[in-house]
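Colleague: Got a minute to walk me through this one? I'd like the overall picture before I look at any details.

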Amino acid sequence: MSQAQSPIEVRIPEIQAPPHPEWPALSAAEERDLKDRIKALLKRNNATLVAHYYTDARLQALADETGGCVADSLEMARFGAEHEAQTLVVCGVRFMGETAKILNPEKRILMPDLNATCSLDEGCPADPFSAFCDAHPDHTVVVYANTSAAVKARADWMVTSGIALPIVEHLAGRGEKILWAPDKHLGHYIQRVTGAEMTLWPGACVVHEEFKSVALERLRRLHPDAAVLVHPESPAHVIDQADVVGSTTKLIKAVGAMKNPEFIVATDKGIFYKMQQTAPDKRLLEAPTGGEGATCQTCAHCPWMGMNALQNLAACLETGEPEIQVDPATARQAVRSVQRMLDFAQEHGIGMKGKGNA
Ligand code: 13P
Ligand code: SF4
(Lines give C-alpha, C1' and ligand atoms only; values in the text may rest on other atoms or scores of the structure.)
(Ligands and ions follow the chains in the order given, each with its own letter.)
Protein backbone atom coordinates (compact mmCIF):
# COMPACT_ATOMS: atom_id res chain seq x y z
CA MET A 1 0.00 0.00 0.00
CA SER A 2 1.24 3.51 -0.69
CA GLN A 3 0.52 7.17 -1.00
CA ALA A 4 -1.45 7.47 -4.27
CA GLN A 5 -1.35 10.18 -6.96
CA SER A 6 -4.48 12.27 -7.41
CA PRO A 7 -5.98 12.27 -10.93
CA ILE A 8 -6.63 16.00 -10.56
CA GLU A 9 -4.16 18.73 -9.76
CA VAL A 10 -4.96 20.44 -6.50
CA ARG A 11 -3.94 24.07 -6.12
CA ILE A 12 -4.25 25.57 -2.69
CA PRO A 13 -4.48 29.28 -1.93
CA GLU A 14 -1.32 30.91 -0.66
CA ILE A 15 -1.71 31.57 3.05
CA GLN A 16 -0.18 34.64 4.60
CA ALA A 17 0.03 34.31 8.36
CA PRO A 18 -0.80 37.59 10.09
CA PRO A 19 1.72 39.14 12.47
CA HIS A 20 1.31 37.97 16.03
CA PRO A 21 -1.19 40.28 17.78
CA GLU A 22 0.40 42.56 20.34
CA TRP A 23 -1.84 43.00 23.36
CA PRO A 24 -1.24 45.95 25.68
CA ALA A 25 0.56 44.88 28.85
CA LEU A 26 -1.69 44.67 31.91
CA SER A 27 -0.69 45.71 35.40
CA ALA A 28 -1.29 43.11 38.12
CA ALA A 29 -4.37 45.05 39.29
CA GLU A 30 -5.79 45.33 35.74
CA GLU A 31 -5.28 41.62 35.17
CA ARG A 32 -7.01 40.76 38.46
CA ASP A 33 -9.95 43.06 37.63
CA LEU A 34 -10.35 41.57 34.17
CA LYS A 35 -10.30 38.03 35.54
CA ASP A 36 -12.88 38.91 38.21
CA ARG A 37 -15.08 40.50 35.55
CA ILE A 38 -14.83 37.44 33.34
CA LYS A 39 -15.68 35.11 36.23
CA ALA A 40 -18.78 37.15 37.08
CA LEU A 41 -19.83 37.30 33.41
CA LEU A 42 -19.42 33.55 33.03
CA LYS A 43 -21.82 33.02 35.95
CA ARG A 44 -24.29 35.62 34.73
CA ASN A 45 -24.35 34.09 31.23
CA ASN A 46 -24.45 30.46 32.41
CA ALA A 47 -21.36 30.08 30.28
CA THR A 48 -18.27 27.88 30.39
CA LEU A 49 -14.82 28.33 28.91
CA VAL A 50 -13.38 25.78 26.49
CA ALA A 51 -9.74 26.62 25.79
CA HIS A 52 -7.03 25.04 23.66
CA TYR A 53 -3.52 24.32 24.97
CA TYR A 54 -2.05 26.86 22.54
CA THR A 55 -3.88 29.85 23.97
CA ASP A 56 -2.42 32.38 26.40
CA ALA A 57 -1.53 30.81 29.77
CA ARG A 58 -3.86 33.23 31.59
CA LEU A 59 -6.83 31.98 29.57
CA GLN A 60 -5.91 28.37 30.28
CA ALA A 61 -5.64 29.12 34.00
CA LEU A 62 -9.00 30.88 33.98
CA ALA A 63 -10.68 27.96 32.20
CA ASP A 64 -9.24 25.59 34.82
CA GLU A 65 -10.28 27.82 37.73
CA THR A 66 -13.85 28.27 36.53
CA GLY A 67 -14.65 24.61 35.85
CA GLY A 68 -14.19 24.88 32.10
CA CYS A 69 -11.76 22.81 30.11
CA VAL A 70 -8.27 23.17 28.68
CA ALA A 71 -7.71 20.47 26.13
CA ASP A 72 -6.83 19.27 22.65
CA SER A 73 -9.36 19.58 19.86
CA LEU A 74 -10.85 16.11 20.47
CA GLU A 75 -11.55 16.75 24.16
CA MET A 76 -12.77 20.30 23.44
CA ALA A 77 -15.43 18.85 21.14
CA ARG A 78 -16.45 16.20 23.63
CA PHE A 79 -16.48 18.52 26.65
CA GLY A 80 -18.65 21.09 24.86
CA ALA A 81 -21.13 18.41 23.81
CA GLU A 82 -21.40 16.92 27.31
CA HIS A 83 -21.44 20.09 29.42
CA GLU A 84 -24.79 21.49 30.50
CA ALA A 85 -23.89 25.19 30.01
CA GLN A 86 -26.06 26.94 27.44
CA THR A 87 -23.21 29.19 26.33
CA LEU A 88 -19.78 27.88 25.42
CA VAL A 89 -16.97 30.37 25.02
CA VAL A 90 -14.37 28.78 22.80
CA CYS A 91 -10.86 30.20 23.16
CA GLY A 92 -9.02 28.76 20.21
CA VAL A 93 -9.49 29.03 16.48
CA ARG A 94 -12.60 29.23 14.38
CA PHE A 95 -12.90 25.57 13.40
CA MET A 96 -13.07 24.69 17.12
CA GLY A 97 -16.01 27.07 17.58
CA GLU A 98 -17.69 25.69 14.47
CA THR A 99 -17.26 22.11 15.67
CA ALA A 100 -18.90 23.11 18.96
CA LYS A 101 -21.83 24.67 17.06
CA ILE A 102 -22.20 21.65 14.77
CA LEU A 103 -22.44 19.37 17.80
CA ASN A 104 -24.64 21.75 19.83
CA PRO A 105 -26.88 23.71 17.46
CA GLU A 106 -29.12 24.75 20.36
CA LYS A 107 -26.26 26.33 22.32
CA ARG A 108 -24.78 29.78 21.96
CA ILE A 109 -21.11 29.57 20.94
CA LEU A 110 -19.04 32.68 21.51
CA MET A 111 -15.44 33.29 20.49
CA PRO A 112 -13.25 36.27 21.39
CA ASP A 113 -12.32 36.88 17.72
CA LEU A 114 -13.80 35.23 14.63
CA ASN A 115 -10.74 36.20 12.60
CA ALA A 116 -8.84 33.51 14.48
CA THR A 117 -8.60 31.01 11.66
CA CYS A 118 -6.07 28.30 10.76
CA SER A 119 -3.83 27.88 7.72
CA LEU A 120 -5.11 24.33 7.22
CA ASP A 121 -8.72 25.48 7.16
CA GLU A 122 -7.89 28.43 4.85
CA GLY A 123 -5.90 26.15 2.56
CA CYS A 124 -8.83 23.81 1.94
CA PRO A 125 -11.74 25.77 0.41
CA ALA A 126 -15.00 23.83 0.10
CA ASP A 127 -15.44 23.99 -3.71
CA PRO A 128 -12.04 22.66 -4.84
CA PHE A 129 -12.22 20.15 -2.01
CA SER A 130 -15.56 18.94 -3.28
CA ALA A 131 -14.09 18.55 -6.79
CA PHE A 132 -11.21 16.55 -5.22
CA CYS A 133 -13.80 14.23 -3.62
CA ASP A 134 -15.74 13.93 -6.88
CA ALA A 135 -12.55 12.84 -8.63
CA HIS A 136 -12.12 9.96 -6.14
CA PRO A 137 -15.59 8.44 -5.80
CA ASP A 138 -14.27 5.10 -4.50
CA HIS A 139 -12.43 6.67 -1.54
CA THR A 140 -13.53 7.18 2.05
CA VAL A 141 -13.17 10.89 2.81
CA VAL A 142 -11.38 11.58 6.11
CA VAL A 143 -10.81 15.18 7.11
CA TYR A 144 -8.87 16.68 9.95
CA ALA A 145 -10.79 18.78 12.48
CA ASN A 146 -8.94 21.87 11.19
CA THR A 147 -11.45 22.46 8.38
CA SER A 148 -14.61 24.47 7.73
CA ALA A 149 -18.11 23.16 8.41
CA ALA A 150 -18.67 22.84 4.64
CA VAL A 151 -15.63 20.58 4.27
CA LYS A 152 -16.74 18.47 7.23
CA ALA A 153 -20.16 18.20 5.56
CA ARG A 154 -18.52 16.61 2.50
CA ALA A 155 -16.55 14.10 4.61
CA ASP A 156 -17.34 10.60 5.81
CA TRP A 157 -15.18 11.02 8.91
CA MET A 158 -13.72 13.90 10.85
CA VAL A 159 -10.65 13.11 12.96
CA THR A 160 -8.27 14.97 15.27
CA SER A 161 -4.59 14.19 15.75
CA GLY A 162 -5.53 12.29 18.92
CA ILE A 163 -7.59 9.70 17.07
CA ALA A 164 -6.53 9.82 13.42
CA LEU A 165 -4.27 6.75 13.60
CA PRO A 166 -6.76 4.21 15.02
CA ILE A 167 -9.55 5.44 12.72
CA VAL A 168 -7.41 5.16 9.59
CA GLU A 169 -6.14 1.76 10.76
CA HIS A 170 -9.74 0.66 11.23
CA LEU A 171 -10.75 1.87 7.75
CA ALA A 172 -7.68 0.38 6.06
CA GLY A 173 -8.42 -2.90 7.84
CA ARG A 174 -11.77 -2.91 6.03
CA GLY A 175 -9.91 -2.46 2.73
CA GLU A 176 -10.97 1.17 2.26
CA LYS A 177 -8.89 3.68 0.27
CA ILE A 178 -8.64 7.05 1.93
CA LEU A 179 -8.88 10.59 0.69
CA TRP A 180 -7.18 12.70 3.33
CA ALA A 181 -7.33 16.47 3.86
CA PRO A 182 -5.95 18.95 4.52
CA ASP A 183 -2.62 18.42 6.36
CA LYS A 184 -0.10 16.66 4.11
CA HIS A 185 2.47 16.10 6.87
CA LEU A 186 -0.04 14.47 9.22
CA GLY A 187 -1.49 12.49 6.30
CA HIS A 188 1.96 11.30 5.26
CA TYR A 189 2.80 10.30 8.83
CA ILE A 190 -0.44 8.32 9.20
CA GLN A 191 0.14 6.68 5.86
CA ARG A 192 3.65 5.63 6.91
CA VAL A 193 2.49 4.20 10.25
CA THR A 194 -0.64 2.42 9.06
CA GLY A 195 0.37 1.48 5.49
CA ALA A 196 -3.09 2.63 4.37
CA GLU A 197 -3.62 3.67 0.76
CA MET A 198 -4.08 7.42 1.04
CA THR A 199 -4.40 10.31 -1.39
CA LEU A 200 -3.44 13.57 0.27
CA TRP A 201 -4.60 17.16 -0.02
CA PRO A 202 -1.43 19.32 0.00
CA GLY A 203 -2.19 21.64 2.97
CA ALA A 204 0.17 22.52 5.82
CA CYS A 205 0.23 24.31 9.16
CA VAL A 206 2.30 27.50 8.94
CA VAL A 207 3.53 27.01 12.51
CA HIS A 208 4.59 23.35 12.45
CA GLU A 209 5.97 23.52 8.93
CA GLU A 210 8.68 25.84 10.22
CA PHE A 211 10.35 23.32 12.52
CA LYS A 212 13.77 22.62 11.03
CA SER A 213 15.40 19.20 11.02
CA VAL A 214 19.10 20.14 10.71
CA ALA A 215 18.88 22.68 13.53
CA LEU A 216 16.98 20.10 15.59
CA GLU A 217 19.81 17.58 15.12
CA ARG A 218 22.24 20.22 16.38
CA LEU A 219 20.09 20.97 19.43
CA ARG A 220 19.78 17.27 20.24
CA ARG A 221 23.57 16.93 20.22
CA LEU A 222 23.79 19.80 22.72
CA HIS A 223 21.14 18.14 24.94
CA PRO A 224 21.76 14.40 24.72
CA ASP A 225 19.45 13.65 27.67
CA ALA A 226 16.49 15.45 26.17
CA ALA A 227 13.52 13.58 24.71
CA VAL A 228 12.09 15.04 21.50
CA LEU A 229 8.31 15.56 21.39
CA VAL A 230 6.73 16.32 18.02
CA HIS A 231 3.20 17.14 16.86
CA PRO A 232 2.55 15.23 13.63
CA GLU A 233 1.70 18.39 11.67
CA SER A 234 5.50 18.81 11.48
CA PRO A 235 7.56 17.78 8.41
CA ALA A 236 8.72 14.14 8.12
CA HIS A 237 12.41 14.89 8.85
CA VAL A 238 11.40 16.44 12.16
CA ILE A 239 9.00 13.58 13.00
CA ASP A 240 11.80 11.12 12.23
CA GLN A 241 13.80 12.53 15.15
CA ALA A 242 10.96 12.26 17.66
CA ASP A 243 10.86 10.07 20.75
CA VAL A 244 7.11 10.75 20.96
CA VAL A 245 4.80 11.82 18.13
CA GLY A 246 1.22 12.75 18.92
CA SER A 247 -1.57 15.12 19.76
CA THR A 248 -1.08 17.95 22.21
CA THR A 249 -2.53 15.79 25.02
CA LYS A 250 -0.18 12.93 24.25
CA LEU A 251 2.84 15.27 24.32
CA ILE A 252 1.79 16.74 27.69
CA LYS A 253 1.34 13.25 29.15
CA ALA A 254 4.82 12.28 27.87
CA VAL A 255 6.45 15.10 29.87
CA GLY A 256 4.84 13.73 33.02
CA ALA A 257 5.56 10.08 32.29
CA MET A 258 9.11 10.09 30.89
CA LYS A 259 12.19 10.18 33.12
CA ASN A 260 14.18 12.61 30.92
CA PRO A 261 15.16 15.86 32.69
CA GLU A 262 14.73 17.89 29.46
CA PHE A 263 12.36 17.91 26.52
CA ILE A 264 12.69 19.49 23.09
CA VAL A 265 9.17 20.40 22.03
CA ALA A 266 8.13 20.77 18.38
CA THR A 267 4.69 22.32 18.66
CA ASP A 268 3.15 25.66 19.60
CA LYS A 269 4.83 26.98 22.74
CA GLY A 270 1.47 27.79 24.34
CA ILE A 271 1.60 24.13 25.40
CA PHE A 272 4.49 24.87 27.79
CA TYR A 273 2.00 26.14 30.37
CA LYS A 274 0.34 22.73 30.84
CA MET A 275 3.60 20.83 30.42
CA GLN A 276 5.26 22.86 33.14
CA GLN A 277 2.21 22.41 35.38
CA THR A 278 2.37 18.65 34.79
CA ALA A 279 6.11 18.44 35.52
CA PRO A 280 7.47 21.60 37.21
CA ASP A 281 10.98 20.17 37.60
CA LYS A 282 11.48 19.38 33.90
CA ARG A 283 13.25 21.76 31.49
CA LEU A 284 11.41 22.52 28.26
CA LEU A 285 13.24 23.70 25.15
CA GLU A 286 11.63 25.05 22.00
CA ALA A 287 12.48 23.09 18.86
CA PRO A 288 14.24 25.36 16.36
CA THR A 289 12.14 27.10 13.69
CA GLY A 290 12.98 28.93 10.50
CA GLY A 291 13.60 32.20 12.30
CA GLU A 292 13.92 35.23 10.06
CA GLY A 293 12.56 34.65 6.59
CA ALA A 294 10.25 31.91 7.77
CA THR A 295 6.73 31.89 6.36
CA CYS A 296 5.27 31.89 9.88
CA GLN A 297 6.40 35.24 11.18
CA THR A 298 5.72 34.30 14.76
CA CYS A 299 7.66 31.06 14.95
CA ALA A 300 6.36 28.34 17.25
CA HIS A 301 3.30 30.31 18.20
CA CYS A 302 0.14 30.29 16.14
CA PRO A 303 -0.79 33.89 15.26
CA TRP A 304 -4.48 33.00 15.19
CA MET A 305 -4.41 31.37 18.63
CA GLY A 306 -2.75 34.60 19.79
CA MET A 307 -5.94 36.51 18.88
CA ASN A 308 -7.49 35.25 22.12
CA ALA A 309 -6.78 37.44 25.14
CA LEU A 310 -8.34 38.41 28.48
CA GLN A 311 -9.43 41.75 26.98
CA ASN A 312 -11.50 40.41 24.07
CA LEU A 313 -12.76 37.47 26.12
CA ALA A 314 -14.29 39.94 28.61
CA ALA A 315 -15.71 42.02 25.75
CA CYS A 316 -17.33 39.03 24.07
CA LEU A 317 -18.98 37.93 27.31
CA GLU A 318 -20.23 41.46 27.89
CA THR A 319 -21.71 41.99 24.41
CA GLY A 320 -22.60 38.43 23.44
CA GLU A 321 -20.56 38.93 20.28
CA PRO A 322 -19.05 37.59 18.17
CA GLU A 323 -21.17 34.47 18.04
CA ILE A 324 -20.40 31.50 15.81
CA GLN A 325 -23.09 30.71 13.26
CA VAL A 326 -23.11 27.67 11.02
CA ASP A 327 -25.66 27.30 8.24
CA PRO A 328 -28.13 24.75 9.73
CA ALA A 329 -28.27 22.57 6.59
CA THR A 330 -24.46 22.42 6.48
CA ALA A 331 -24.34 21.63 10.20
CA ARG A 332 -26.84 18.77 9.77
CA GLN A 333 -24.57 17.27 7.09
CA ALA A 334 -21.35 17.94 9.00
CA VAL A 335 -22.50 16.46 12.29
CA ARG A 336 -22.41 12.97 10.81
CA SER A 337 -18.62 12.95 10.25
CA VAL A 338 -17.98 14.59 13.64
CA GLN A 339 -20.32 12.30 15.58
CA ARG A 340 -18.83 9.26 13.86
CA MET A 341 -15.46 10.18 15.39
CA LEU A 342 -16.94 10.72 18.86
CA ASP A 343 -18.77 7.39 18.68
CA PHE A 344 -15.56 5.65 17.63
CA ALA A 345 -13.69 7.31 20.52
CA GLN A 346 -16.37 6.20 22.97
CA GLU A 347 -16.44 2.66 21.65
CA HIS A 348 -12.64 2.28 21.80
CA GLY A 349 -12.02 4.34 24.95
CA ILE A 350 -9.75 6.73 23.07
CA GLY A 351 -8.89 10.05 24.59
CA MET A 352 -11.34 9.53 27.45
CA LYS A 353 -9.87 10.93 30.64
CA GLY A 354 -6.94 8.74 31.59
CA LYS A 355 -7.43 6.28 28.75
CA GLY A 356 -6.20 5.66 25.24
CA ASN A 357 -3.32 7.16 23.28
CA ALA A 358 -4.64 10.64 22.64
P1 13P B 1 -4.65 18.95 18.74
O2 13P B 1 -5.83 18.25 18.18
O3 13P B 1 -3.50 18.04 19.03
O4 13P B 1 -5.03 19.79 19.88
O5 13P B 1 -4.09 19.94 17.61
C6 13P B 1 -4.85 20.98 17.07
C7 13P B 1 -4.02 21.91 16.29
O8 13P B 1 -4.49 22.85 15.70
C9 13P B 1 -2.59 21.65 16.24
O10 13P B 1 -1.95 22.65 15.53
FE1 SF4 C 1 -3.92 25.80 12.50
FE2 SF4 C 1 -1.33 25.42 12.81
FE3 SF4 C 1 -2.59 27.29 14.23
FE4 SF4 C 1 -3.00 24.65 14.76
S5 SF4 C 1 -1.08 25.80 15.01
S6 SF4 C 1 -4.55 26.25 14.61
S7 SF4 C 1 -2.88 23.83 12.68
S8 SF4 C 1 -2.31 27.27 12.00
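Colleague: How many helices and strands are in the protein chain?

Modeller: The protein chain has 15 helices and 12 strands. Those are DSSP runs, numbered from the N terminus: H or I over at least four residues for a helix, E over at least two for a strand. Keep in mind that this is a predicted model, where local features need pLDDT of at least 70 and side-chain atom pairs count only at pLDDT 80 or more, while totals for chains, interfaces and linings use all residues. Residues are numbered from 1 along each chain as its sequence is written, and chains are lettered from A and ligands numbered from 1 in the order in which they are written.

Colleague: And what's the radius of gyration of the protein chain?

Modeller: It is 20 Å, which agrees with the value near 21 Å for a compact globule of 358 residues. The calculation runs over C-alpha atoms, and the globule rule is 2.2 Å times the number of residues to the power 0.38. Along the principal axes, the C-alpha atoms fill a box of roughly 60 × 55 × 40 Å.

Colleague: What share of the residues count as buried?

Modeller: 50% of the 358. Buried means 20 or more other C-beta atoms within 10 Å of a residue's own, exposed means 12 or fewer, and partly exposed is in between, with C-beta atoms placed from the backbone.

Colleague: OK, sheets. What is the strand order in the one that holds strand 1?

Modeller: That open sheet has 4 strands in the order 2-1-3-4, with parallel pairing. Two strands pair if DSSP finds at least two bridges between them. Strand 2 (69-71) and strand 4 (108-110) are at the edges with a single partner strand each, so one side of each has no neighbour in the sheet. On average, neighbouring strands are turned by 20° against each other, direction ignored.

Colleague: Which helix packs on the sheet and touches strand 2?

Modeller: Helix 3 (residues 73-82) does, and it also touches strand 1 and strand 3 (87-91). Its direction makes about 150° with that of strand 2. Helix 4 (residues 94-103) lies across strand 1, strand 3 and strand 4, at about 155° to strand 3. Axes here are lines fitted to C-alpha atoms, for helices over the stretch in contact, and angles run from 0 to 180 degrees between N-to-C directions. Contact means C-beta atoms, placed from the backbone, within 7 Å.

Colleague: And the sheet with strand 7, what's its order?

Modeller: The order is 6-5-7-8, an open sheet of 4 strands with parallel pairing. Strand 6 (157-159) and strand 8 (198-200) are the edge strands, each pairing on one side only. The twist averages 30° from one strand to the next. Strand 7 (residues 177-181) joins strand 8 through 3 bridges, and L179 stands opposite T199 in strand 8.

Colleague: Why is helix 9 called largely enclosed?

Modeller: Because 8 of its 11 residues (184-194) are buried. Among them are L186, Y189 and I190. The cover includes strand 5 (139-144), helix 8 (164-173), strand 7 and strand 8. G195 follows helix 9 and has a positive phi, near 75°.

Colleague: Switching topic: which residues surround ligand 1?

Modeller: They are D72, S73, L74, N146, T160, S161, G162, C205, H231, E233, S247 and T248. For a residue to be near a ligand, its C-beta atom, placed from the backbone, must lie within 6 Å of it. By class, the shell has 2 nonpolar, 8 polar and 2 charged residues. Nonpolar covers Ala, Val, Leu, Ile, Met, Phe, Trp, Tyr, Cys and Pro, charged covers Asp, Glu, Lys and Arg, and the others, Gly among them, count as polar.

Colleague: What about the shell of ligand 2, by class?

Modeller: That shell has 9 nonpolar, 3 polar and 2 charged residues. The closest of the 14 are C118, S119, C205, V207 and C302.

Colleague: Is V207 buried or exposed?

Modeller: V207 is buried, with 29 C-beta neighbours inside 10 Å. V207 belongs to the loop between strand 8 and helix 10 (213-222).

Colleague: Last one: where are the cis peptide bonds you'd flag?

Modeller: One joins A181 and P182, with omega about -10°, and another runs from E321 to P322, with omega near -5°. P182 is in the loop between strand 7 and helix 9, while P322 is in the loop between helix 14 (310-319) and helix 15 (328-348).

How values were computed. Two residues are in contact if their C-beta atoms, placed from the backbone, lie within 7 Å.
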